[in-house]
Amino acid sequence: MDMLSWYENKLNALKCADNHRAFSTSRQADRFIYPATSADTPPLLNLASNDYLGLASDTHLRQQFFTTHSQDSLRLSASSSRLLTGTFDEHSTLEKTLADTFSLHAKRTLSALTFNSGYHANVGILPAISDSRTLILADKLVHASIIDGILLSKAAHLRYPHQDCQRLTALIDKHYHDYERIIIATESVFSMDGDVTDLKFLVNLKNNYPKISLYVDEAHAIAVRGKHGLGIAEEQGVLGEIDFLVGAFGKTMASVGGFCICHPIIKDYLINAMRPLIFSTALPPINAAWTRHVFDYMLDKHQARTDLQALAMDFIAKLHGLGFDCPSQSHIIPVIIGDNRRTLEYAKALKAAGFYVLAVRPPTVPKNQARLRICLNSHITQTDIDKLLNILENLKNKSL
């Protein structure tokens with residue numbers, strides 16, 4: 001068998017399992033997505049984007065940015081890594097803005113460090129802060145980037161059952177004296193289940209064990225949860241208790257990049273030890289400037305966050321009333337169907353009815369846990385939700 005035949009067979013196996021994927025080009029405007037390039041294609045209500053507050057489609061916000069920033073801050077390339085010539089005023093200003101804001105609401109001095117993506121953050125920080133005398137305890141459903149960061153590290157690692165605090169505590173008690181450091185790694189809002197972690201419990205657990213650090217990925221909570229949009233840690237009142245608060249700018253923040261909020265000593269250490277930071281060309285200054293512009297704007301969007309959460313909770317309750325399996329507590333609302341093919345059929349039917357909803361299948365989610373991943377945003381109305389519920393109810397009745 002030649003090399004191409006091997007790959008072709010692998011692809012055919014994916015197709016036979018209804019698990020093959022491909023890129024699809026789209027145009028997006030306001031709350032709609034146009035999946036094809038033809039102007040005659042009817043728009044679909046976009047329920048697949050991570051633009052939870054609609055900031056990426058806010059043309060007024062974009063125009064305001066370009067009219068209030070000088071040409072110097074709109075440089076399109078950093079042309080170097082941060083430690084060479086790639087740190088510009090825009091990077092430093094963004095990090096200071098983040099640090100000052102988180103410090104103010106955490107009531108302690110914190111630092112901020114930015115990266116090229118949330119993925120870069122997770123695959124770089126975890127190897128940098130651990131060694132062979134470290135144990136990483138990670139929630140079973142953490143994002144692929146956290147898993148990859150763990151695998152790239154020299155640390156021992158164990159995965160505890162999703163949100164199982166009792167099992168996590170038992171693992172700590174069992175292994176606490178075998179390692180010099182233990183890192184608990186989790187997400188605050190899980191990207192595929194939409195459920196929310198009890199960070200208060202994890203903070204109290206950490207405080208009972210001096211060797212433990214808490215690593216929390218707030219990628220799907222930043223800007224959309226908490227009074228000022230600083231995430232679940234702010235919402236639960238533990239903002240100053242998270243050792244590594246990691247997030248992404250490419251979702252609700254409508255930009256690109258990632259960040260870590262941490263102690264100033266940790267920031268200094270990461271600058272000297274984190275390989276993806278040291279050896280990557282920095283984000284263009286225009287991206288850092290835009291991120292700061294959006295960050296300042298979103299801090300006051302409390303009402304939009306409140307309205308979105310209320311809409312989500314109502315939707316989830318009605319899904320439960322229809323008998324759907326939905327573990328969510330947030331704006332990310334999975335409707336778990338189970339079978340790959342039937343999930344694809346649901347997505348196809350929703351598309352025909354004007355809704356763009358993606359079918360998420362293994363390995364992104366566990367086997368037999370294929371689902372529709374519905375992402376609500378501030379442009380979605382109650383009328384949209386009612387129509388969507390009606391279609392889902394009809395599909396469920398047909399499949400019974």
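Visitor: Is Phe-259 buried or exposed?
Guide: In this predicted model, the relative accessible area of Phe-259 is 1%. Since the term buried applies under 20% relative accessible area, Phe-259 is classed as buried.

Visitor: How many residues apart are Phe-102 and Phe-259, the two members of an aromatic pair?
Guide: The structure holds 7 aromatic pairs, and one of them joins Phe-102 and Phe-259 in a tilted arrangement, with 6.2 Å centre to centre and 45° between the planes. Phe-102, which is itself buried with a relative accessible area of 0%, belongs to helix 3 (residues 89-106), whereas Phe-259 belongs to strand 10 (residues 258-262), so that the pair links distant parts of the chain, 157 residues apart.

Visitor: Is Leu-4 buried or exposed?
Guide: Leu-4 lies in helix 1 (residues 3-16), and together with Met-3, Trp-6 and Tyr-7 this residue forms a nonpolar surface patch of about 510 Å² of accessible area. Because its relative accessibility is 68% and the class begins over 50%, Leu-4 counts as exposed.

Visitor: Over which ring does the charged end of Lys-211 sit?
Guide: Charged ends sit over rings at places including Arg-27, which is 4.7 Å from the centre of the ring of Tyr-34. For Lys-211, the distance from the ring centre is 4.4 Å, and the ring is that of Tyr-176.

Visitor: Which residues does the UniProt domain annotation cover?
Guide: Over the annotated stretch, the chain is 41% helix and 17% strand, and the end C-alpha atoms are 20 Å apart. According to the unreviewed UniProt entry, the annotation "domain: Aminotransferase class I/classII large" covers residues 43-390.

How values were computed
Residues are numbered from 1 along each chain as its sequence is written. This is a predicted model: local features need pLDDT of at least 70, side-chain atom pairs count only at pLDDT 80 or more; totals for chains, interfaces and linings use all residues. Side-chain values use heavy atoms; hydrogens and water are left out. Patches are made of residues with over 30% relative accessible area and no salt bridge: like charges are joined within 9 Å, nonpolar side chains (Val, Leu, Ile, Met, Phe, Trp, Tyr) within 5 Å. Accessible areas come from the Shrake-Rupley method with a 1.4 Å probe; for residues, only the protein chains shown count as cover. A salt bridge is a side-chain nitrogen of Lys or Arg within 4 Å of a carboxyl oxygen of Asp or Glu. Helices (H or I, at least four residues) and strands (E, at least two) are DSSP runs, numbered from the N terminus. Buried means under 20% relative accessible area, exposed over 50%, partly exposed in between (1.4 Å probe, protein chains only). UniProt positions are given in the numbering used here, feature names are shortened, and annotations may be inferred rather than shown by experiment. Rings of Phe, Tyr and Trp (its six-membered ring) pair if their centres lie within 6.5 Å; planes under 30 degrees apart count as stacked, over 60 as edge-to-face and the rest as tilted. A charge sits over a ring if NZ of Lys or CZ of Arg is within 6 Å of the ring centre and within 35 degrees of the ring normal.
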